[in-house]
Amino acid sequence: MPQLYEQIVKQALDKRKDIASADTNCFRLIDGAGDGCPGLWIDWFDGRALIQIKDENSFSIEELQELASELQAGSAYLKLLDQHQKESPVHLAGRQIEQPFCVLENGIRYEVDFMSGYSQGIFLDQRNNRQEVGTRVQIDGKDARVLNLFAYTCGFSVAAAVAGAITTSVDLSRTYLNWGQKNFQHNSLNPAQHYFTKGDVFQWLLAFARKGRTWHSIILDPPTFSRGEKKKVFRVENDYGELVHLSAQVLEPDGWMLCCANTRTHSAEDFEQQVQAGIQTAGRSILSKHFAPMPCDFPGEQYLKSLWIEVKQA
Ligand SMILES: C[S@@+](CC[C@H](N)C(=O)[O-])C[C@H]1O[C@@H](n2cnc3c(N)ncnc32)[C@H](O)[C@@H]1O
C-alpha cells in the first residue's frame, strides 16, 4: 500500500506541475476517481494537506497517516465529507494548525482557516473563474462594478477588486463578510472603498431594483440548497431561473454575468435553460455564452457548471 500511495502522489503532483508556482500554492492534489483514487480527495494549502473521505470505513487511520507521510505535508488534517456540513477537519499528522493562514492563488492572498467548521474559506474549484473575473474587469476598465452574490469570504470580489473593480458583496453571514474584508486587507485593498451587504440575496435584489441600482457585472455562485431570511428555501433545481431573472433587472445594458451551479443531479442543458428563461423574462437577451470547464486539478466528477453570458437589451 505505501508504494501505491507513493506512486499516486507522484503522479498527481506531476499532473499539477503547471499549477503549483510562486503565485499559486493551493490546489486540489488528488481528485477522487479522476486521479485513480475513488473516495479520496486532497486539497493542498501551501504545505498543509486537507484529506477528505466520504466513508470513514474506507481507509484505516494507519493508511491515512501513511498517506499523510507520503505527502510530506507540514500538517495533515482529515475531513469527513458529510451532507450536514458542520464539523471542522481533525488533526491527522504533523504540526497542529492553530491560526488562520494565507494562501496564494494567482498572486492573490486568501485567508484559510482549518478551525472554521466545514468550509475553510476558499473553494479551489473556482480558481479559473476568479482569474477570468479579473481579466474581464481589466477589459471593462472604468465601467468595472461587480456585484458578487452569495459572496461567502468574498473570493470573487477580491479578484475583481485587485483588477480595479468597485465591488458589492452580498451574503447572509456577517462572519463571512468580515472574513471577506480581511481578504481585502491581505491584498492591500481598502474595504471601506467597497460594499459589504449582509442579508438575503433575493430580498436585496428586489431592493436594488426598486432603488434603481445597477452593476456592469454580476456573479452568481450560490449553494445547492439554502434557507434564507424569512425561511425562504433556495434550491438550484427550482429557483435558479428566478435568481437570474432578479439579477438581470439590476444588470446594465451590455453587462456580463457568471452563473455557477454546483450540482451533480442537474444537467448542463437544464441549467442553461433556467438561465436563458431568467434572462428572457427580465426582458433581456443573451448576446454570447459559453460554459467554462473545471480547472485541470479537478479531473474527477464534473459537478461545477460555470456559464458566462453577455447580456443585451431584448
Ligand atoms: C457555497 S458558499 C458560496 C461560495 C462563494 N460564492 C465563493 O465564491 O466562495 C454559500 C454562501 O452563500 C451564503 N448564502 C446562502 N443562502 C443565501 C441567501 N439566500 N442570501 C445570501 N447569502 C446566502 C452563505 O452564507 C454562504 O456564505
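# Working through two sheets and their helices

E3 and E4 run parallel to each other, joined by six bridges. Keep that pairing in mind as you work through the exercises, and remember that this is a predicted model.

## Exercise 1: the five-stranded sheet

Work out in which order the five strands of the open sheet lie, and which strands stand at the edges.

**Solution.**

Step 1. Start with the order. It reads E1-E2-E3-E4-E5, and the pairing is mixed.

Step 2. Now find the edges. Strand E1 (26-31) and strand E5 (90-94) each have a single partner strand, so one side of each is left without a neighbour in the sheet.

Step 3. Add the twist. On average, neighbouring strands here are turned by 25 degrees against each other, direction ignored.

Step 4. See where the mix comes from. Strand E2 (residues 40-45) and strand E3 (residues 48-53) are antiparallel, with six bridges, while E3 and E4 are parallel, also with six bridges.

Step 5. Pick out some partners. Across from Ala49 in E3 you'll find Trp44, and across from Leu50 in E3 sits Asp43. On the E4 side, Ile51 has Leu78 as its bridge partner.

Step 6. Look at the turn. E2 and E3 make a hairpin with two residues between them, and Asp46 in that turn has a positive phi of about 45 degrees.

Step 7. Finish with the helix. Helix H2 (residues 61-71) lies across E3, strand E4 (75-80) and E5, and its angle to E5 is about 55 degrees.

## Exercise 2: one residue in E2

Decide whether Phe45 is buried or exposed, and find its contacts.

**Solution.**

Step 1. Locate the residue: Phe45 lies in strand E2.

Step 2. Count what surrounds Phe45. There are 25 other C-beta atoms within 10 Å, and the cut-off for buried is 20 or more, so Phe45 is buried.

Step 3. List the contacts. Skipping neighbours within four places in sequence, Phe45 touches Cys26, Leu50, Val103 and Val112.

Step 4. Try a long jump. Ile279 is 234 residues from Phe45 along the chain, and their C-alpha atoms are 38 Å apart.

## Exercise 3: the seven-stranded sheet

Find the strand order of the seven-stranded sheet, then place helices H3 and H5 on it.

**Solution.**

Step 1. Read off the order: E10-E9-E8-E11-E14-E16-E15, an open sheet with mixed pairing.

Step 2. The edges are strand E10 (195-198) and strand E15 (284-292), each pairing on one side only.

Step 3. The twist from one strand to the next averages 15 degrees.

Step 4. Zoom in on one pair. E9 and E10 are parallel, with four bridges, and Thr168 has Tyr195 in E10 as its bridge partner.

Step 5. Place H3. This helix packs on the sheet, touching strand E8 (145-149), strand E11 (215-220), strand E14 (251-262), E15 and strand E16 (304-313), and its direction makes about 175 degrees with that of E11.

Step 6. Check the length of H3. Residues 127-140 make 14 residues, and the helix reaches 20 Å from its first C-alpha to its last, close to the 20 Å expected.

Step 7. Note the buried residues of H3: Arg127, Asn129, Arg130, Val133, Gly134, Arg136 and Val137. Just after H3 comes Gly141, with a positive phi of about 60 degrees.

Step 8. Place H5. Helix H5 (residues 174-186) lies across E9 and E10, at about 170 degrees to E10.

## Exercise 4: helix H4 and the ligand

Explain why H4 counts as largely enclosed, and describe the residues around the ligand.

**Solution.**

Step 1. Count the buried residues. Eight of the eight residues of H4 are buried, so the helix is largely enclosed by the rest of the structure. Among them are Gly155, Phe156 and Val162.

Step 2. Ask what they pack against. The partners are strand E7 (108-112), H3, E8, E9, H5 and E11.

Step 3. Step past the end: H4 is followed by Gly164, with a positive phi near 115 degrees.

Step 4. Turn to the ligand. It has 18 residues around it, of which Phe150, Tyr152, Asp221, Ser226 and Gly228 come nearest.

Step 5. Sort the shell by class: 10 nonpolar, five polar and three charged residues.

Step 6. Link back to the helix. Helix H4 (155-162) and strand E9 (166-171) each supply at least two residues of that shell.

Technical notes
Residues are numbered from 1 along each chain as its sequence is written. This is a predicted model: local features need pLDDT of at least 70, side-chain atom pairs count only at pLDDT 80 or more; totals for chains, interfaces and linings use all residues. The expected span of a helix is 1.5 Å times one less than its number of residues. A residue is buried if 20 or more other C-beta atoms lie within 10 Å of its own, exposed if 12 or fewer, and partly exposed in between; C-beta atoms are placed from the backbone. A residue is near a molecule or strand if its C-beta atom, placed from the backbone, lies within 6 Å of it. Ala, Val, Leu, Ile, Met, Phe, Trp, Tyr, Cys and Pro count as nonpolar, Asp, Glu, Lys and Arg as charged, and the others, Gly among them, as polar. Two strands pair if DSSP finds at least two bridges between them. Axes are lines fitted to C-alpha atoms, for helices over the stretch in contact, and angles run from 0 to 180 degrees between N-to-C directions. Two residues are in contact if their C-beta atoms, placed from the backbone, lie within 7 Å.
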